[in-house]
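Thank you all for coming; I would like to walk you through one interface and one metal site, and I will try to be careful about what each term means.

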Amino acid sequence: MSNVATTSRELGNYLEAFTEFAKRAPGQNQGWLRKLREDAFAYFCEVGFPTTHDEDWRFTNVSAIAQTAFRLPPEAVNVSAEQVEPFRLGGAACELVFVNGRFDPKLSSVNSLPKGVSAGSLAEEIRRDPKPLERYLGQYLNTQRDVFCALNTAFLEDGAYVHIGRGTVLEAPIYLLFVTTAGEAPVMTHPRNLIIAEEDSQATVVEDYVSLGAGVAFSNAATELVAGEHTVLSHYLIEREHTDAYNVSTLRLQQGRSASVASHSVLLGGGLVRNNVHPVLAGEGADCLINGLFIGNGHQHMDNYMLVEHASPHCASRQFYNGILDGHSRGVFHGRIIVHKEAQKTDAKQTNRNLLLSDDAQIDTKPQLEIYADDVKCTHGATIGQIEEDELFYLRSRGIDEPAARRLLLYAFASECLERMKPGPVRARIEELVNEWLFHTEPGSPEPGNAAQERALHWEEVG
Amino acid sequence: MALLEIRNLHVKVENHEILKGIDLTINAGEVHSIMGPNGSGKSTLAQVLARRENFQVTQGEVLYDGKDLLAMKPEEAACEGVFLAFQYPVEIPGISNAYFLRSALNAVRKYRGEDELDAMDFIPMFKKKMKLLDMDDKLMNRSVNEGFSGGEKKRNEILQMAVLEPKLAILDETDSGLDIDALKIVANGVNALRSPERAMVVVTHYQRLLNYIVPDYVHVLVDGRIVKSGGKELALKLEDKGYSWVEAEATA
Ligand SMILES: Nc1ncnc2c1ncn2[C@@H]1O[C@H](COP(=O)(O)OP(=O)(O)O)[C@@H](O)[C@H]1O
Ligand SMILES: [Mg+2]
């Protein structure tokens, strides 16, 4: 065994879970799917969980995950509509709710979907019509290199299956809510989403991870998003689980010719969080925006691992991540850009800005550029700082008290990321959440950082 | 009672004494100009009065409206009516100018026990004041001072002053970087605020601004001390003879 962190006792726990799971997993009668799971599980058994000796995990120690005997969740957990209500996003085209990784039709609503869009449970789709999925499922995530993706694939059961038909424009977001109910025993869930956007379509998908109750839980989510030619897509990840939770998520974007994709990650909750975003710009002229905001406090650990692969000419990528870290929290930004030999005229940019609000907060930021083409533009930059004293004094000298001035500056820093999101219900909700998390305000309260809303107010039109 | 009374003020920055015993009395309704060579301590004095905390007062006292100004936080001084127009206005990305102005105004109003203003009230009021300063409405939706030209930044300072209506306004080299047209506009804006209840301290290196904002008193600050005080004619004399004249006289 190459890995010291994962002992045979811990693997034994997964082996037991996998053996049980294999008996009831959807689509086991499909050879390709069974093989996909088995190969992934074999890889997991072979390498185990990563340690900090692994370059990709240098700043994040997952031994707490490795050493916990997680179980797959029990079959039926009853979650009421009232329990889920506070989390919901208003104004969505549909809401799919997953309880401990499994689709819950009672809590979900798919009524207002227009023609050309289908959204539902992946498990159901596997049972209903598995054959067309073979082309996509597991074809993009690297299950022979990334242990967490392998583990997710081994336990691939349910999640969202979204299909946007050719030429379809969906304005309202598709909202996916993942609820973990923590109990006595530590549970693990492996939500798996497959989002296929056919040529010339447009859509927005939101993944929102929340906890019902405290308790150790491990969400290991993976999403394959296939953006066909000339698509315009936005993907949002909101992590706001309990601080007892471990959350590893991987977004794998496959972008066709001229596909324009925005990935927005907002990390607020979770104790140990690893956010992997991996776009592959496979078609000429594709572009992606990789935007993120992470806000840590207490002993939260938030690791953002970006892997942007330029595989075709004339593609552009923009990475912007802002971190705000308080208490003893720790953040990581690892921004890797690979420009393949054929990806001439690549334009790649990466910026990571961090505010440390306490002496004990810490950030590790690491750019990693691997460029094999010769005609490319690649820039990166990182800043780590405190709230600027001269900005604070300027605000205070105008009568704004110190706590309010600090809040304004913090919100302004966060809004650099918020303003890259398209105005609409998702952004409004995220603004509210960021306020709640930064300033412990009640949901819906107008205070304190409404600079963005103020900006939207049309000065010329009033008065 | 004087509006501002500075007695024997000594100030250090990083163990380096910059103000070495300032005495100055300013009554409501008066305009005082503080002139002096670069590095003489003009901005230090202005910022101490606005309560910047990284200056260390080692001796002396400052009474503002009978209260101990040096015991106030910057926001308290501001709410009590002290206003500093910065020599180098600060850029604040991500906060719109309109939001900033309204937050400032409402903070001050709240302190004074007045109702906070909503958009319908403050927008027409801001617009009127902006017109006076010949400012473009677009500057309101932009981040505070970000990407503003030098002249726009200085006008923005005066706009803030016009909105907050302070009792003691300190203008720190508000003339620098302004062409003659902009200078006249800014001076107009300042003059519009002159009143019997309000005092102004106009800090400048050059005399030109004082052609438009005519002071009642002129003080010359050299190496942390006021070495000479007089009427407006002193400014003209300085223009003529340069600071070396007072410096020589002071050390004589
Ligand atoms: N933050 C600071 N740290 C150290 N020295 C300073 C600081 N601010 C000002 N000084 C020094 O104090 C002196 C007075 O500066 P200042 O008040 O800005 O002068 P003025 O406005 O008259 O040009 C100068 O010698 C300057 O270098
Ligand atoms: Mg100065």
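**The contact between chains A and B**

Let me start with a single pair: B:R52 and A:E389 form a salt bridge, with their closest N and O atoms 2.6 Å apart, where a salt bridge is a side-chain nitrogen of Lys or Arg within 4 Å of a carboxyl oxygen of Asp or Glu. Please keep in mind that this is a predicted model, in which local features need pLDDT of at least 70 and side-chain atom pairs count only at pLDDT 80 or more, while totals for chains, interfaces and linings use all residues. Residues are numbered from 1 along each chain as its sequence is written, chains are lettered from A and ligands numbered from 1 in the order in which they are written, and side-chain values use heavy atoms, with hydrogens and water left out.

Between chain A and chain B there are four salt bridges in the count. The contact, meaning heavy atoms within 4.5 Å, draws 28 residues from chain A and 50 residues from chain B. Together the two chains bury about 3,200 Å², with 63% of it on carbon and sulfur atoms; buried area here is the accessible area (1.4 Å probe) that two parts lose on being put together, summed over both.

Turning to the metal, the magnesium ion (ligand 2) is coordinated by B:S43 through OG and by B:Q87 through OE1, at 2.1 to 2.3 Å, where donors are N, O and S atoms within 2.8 Å of the metal (3.2 Å for Na, K and Ca), and since water is not among the atoms, sites may look incomplete. B:S43 lies in helix α1 (residues 42-49) of chain B and B:Q87 in the loop between β6 (82-85) and β7 (92-96) of that chain, so the pair ties together parts that are 44 residues apart in sequence; helices (H or I, at least four residues) and strands (E, at least two) are DSSP runs, numbered from the N terminus.
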